[in-house]
Amino acid sequence: MKKKHEFTPEQLRFFMQAALQEARQALEEEEVPVGAVLVASGQIIARGHNMSERLHDATAHAEMIALTAGSEYLGSKYLNDCTLFVTLEPCAMCAAASAWARVGGLVFGASDPKKGFRQLGGSALLHPKTRLTSGILAGESQELLQAFFNSKRRDNGKPRPSKEEEDIAD
Ligand SMILES: [Zn+2]
């Protein structure tokens, strides 16, 4: 491998596939399908997928779970040697969390034009040393999100409207 946060195109796809696997797990659990993995020295050291519904926690995004698990694994609040892979552009909260953890690299798949951090603060939210890469396997990430939205739309015929669905659909 080259420098710590440089990956070959094959490596980028390989680790994003692992993040997509996490997103599929979220979809099975009827969560918004977003997945993340944290990579250090060419190894996945932590994984996470969105668990907002299961944990009744609006902050339980894939990135937050992967960052917490990675810090626990390494026994360090700082993750300079790690790269966070996530299937969807992080929100402002997760981008800022990655800055607090000082992640060395951030790689995301699909863009999120409504809630992505680039609309809400942009690179000012990231740590100045975090290396940003975007658009890796974006189509596969979007397909999963679309599958989720479609299934929610089908469910909308049933008398169980929730605030969460409105939030996602807007
Ligand atoms: Zn987030």
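Glutamate 89 is found in the loop between β3 and α4. In this predicted model, glutamate 89 counts as buried because 25 C-beta neighbours fall inside 10 Å, against a cut-off of 20 or more. Leaving aside neighbours within four places in sequence, the contacts of glutamate 89 are Phe108, Ala110, Ser111, Asp112, Gly116, Phe117 and Arg118. Lysine 115 sits 26 residues from glutamate 89 in sequence, yet the two C-alpha atoms are 8.4 Å apart in space.

One of those partners, glycine 116, belongs to the loop between β4 and β5 (131-133). Glycine 116 has 20 C-beta neighbours inside 10 Å and so counts as buried. With neighbours within four places in sequence set aside, glycine 116 is in contact with Glu89, Cys91 and Ser111. Ser111 therefore turns up in the contact lists of both glutamate 89 and glycine 116, as residues are in contact when their C-beta atoms lie within 7 Å. From glycine 116 to cysteine 94 the C-alpha to C-alpha distance is 9.6 Å, with their positions 22 residues apart in sequence.

Cysteine 94 leads on to a helix pair. Among the residues that make the contact between α3 and α4 is Cys94 of α4. The axes of α3 (residues 62-74) and α4 (residues 92-100) come within 9 Å and cross at roughly 20 degrees. Since angles under 35 degrees count as roughly parallel, that makes α3 roughly parallel to α4. The crossing of the two helices is left-handed. On the α3 side the contact is made by Glu63, Met64 and Leu67, and on the α4 side by Cys94, Ala97 and Ser98. Sorted by class, this contact comes to 4 nonpolar, 1 polar and 1 charged residues.

A second helix pair is formed by α1 and α5, whose axes are 11 Å apart and pack at an angle of about 0 degrees. That angle makes α1 roughly parallel to α5. Here α1 brings Leu20, Ala23, Arg24 and Leu27, while α5 brings Glu140, Ser141, Leu144, Ala147 and Phe148. The class count for the contact of α1 with α5 is 6 nonpolar, 1 polar and 2 charged residues.

What about the interior? The largest nonpolar core has 41 residues, and those with the most contacts inside it are Ala19, Val37, Ala66, Leu84, Phe85 and Val86. Two or more residues of this core come from each of α1 (9-28), β1 (35-40), α3, β3 (82-88), α4, β4 (105-110) and α5 (138-155). The biggest share is that of α1, which gives 7 residues. Both helix pairs described above thus draw on elements that also feed this core, as α1, α3, α4 and α5 are on that list. Phenylalanine 85, one of the residues with the most contacts inside the core, touches Phe15, Met16, Ala19, Ala36, Val37, Val39 and Val107, not counting residues up to four places away in sequence. Two of those partners, Ala19 and Val37, are themselves named with phenylalanine 85 in the most-contacts group.

Moving to the loop between α1 and β1, valine 32 is one of its residues. Valine 32 is buried, because 22 other C-beta atoms lie within 10 Å. The C-alpha atoms of valine 32 and methionine 51 are separated by 8.3 Å, though the two residues are 19 apart along the chain. Glutamate 30 lies in the loop between α1 and β1 as well, but with 13 C-beta neighbours inside 10 Å it counts as partly exposed.

Glutamate 30 also has a backbone quirk: its phi is near 60 degrees, a positive value in a residue other than glycine. Most residues other than glycine have a negative phi. Serine 41 is another case, with a positive phi of about 50 degrees although it is not a glycine. Serine 41 lies in the loop between β1 and β2 (43-49). With 9 C-beta neighbours inside 10 Å, serine 41 counts as exposed.

As for the whole chain, the secondary structure comes to 6 helices and 5 strands. Read along the sequence, these follow the pattern α-β-β-α-α-β-α-β-β-α-α. Of the 170 residues, 39% count as buried. Among contacts between residues at least 6 apart in sequence, 59% join residues at least 24 apart.

Methods
Residues are numbered from 1 along each chain as its sequence is written. This is a predicted model: local features need pLDDT of at least 70, side-chain atom pairs count only at pLDDT 80 or more; totals for chains, interfaces and linings use all residues. Axes are lines fitted to C-alpha atoms, for helices over the stretch in contact, and angles run from 0 to 180 degrees between N-to-C directions. Helices (H or I, at least four residues) and strands (E, at least two) are DSSP runs, numbered from the N terminus. Angles under 35 degrees count as roughly parallel, over 145 as roughly antiparallel, 65 to 115 as roughly perpendicular and the rest as oblique. A crossing is left-handed if the near helix is turned anticlockwise from the far one by less than a right angle, and right-handed if clockwise. Two residues are in contact if their C-beta atoms, placed from the backbone, lie within 7 Å. Ala, Val, Leu, Ile, Met, Phe, Trp, Tyr, Cys and Pro count as nonpolar, Asp, Glu, Lys and Arg as charged, and the others, Gly among them, as polar. A nonpolar core is a set of buried Ala, Val, Leu, Ile, Met, Phe, Trp, Tyr and Cys residues joined through C-beta atoms within 7 Å. A residue is buried if 20 or more other C-beta atoms lie within 10 Å of its own, exposed if 12 or fewer, and partly exposed in between; C-beta atoms are placed from the backbone.
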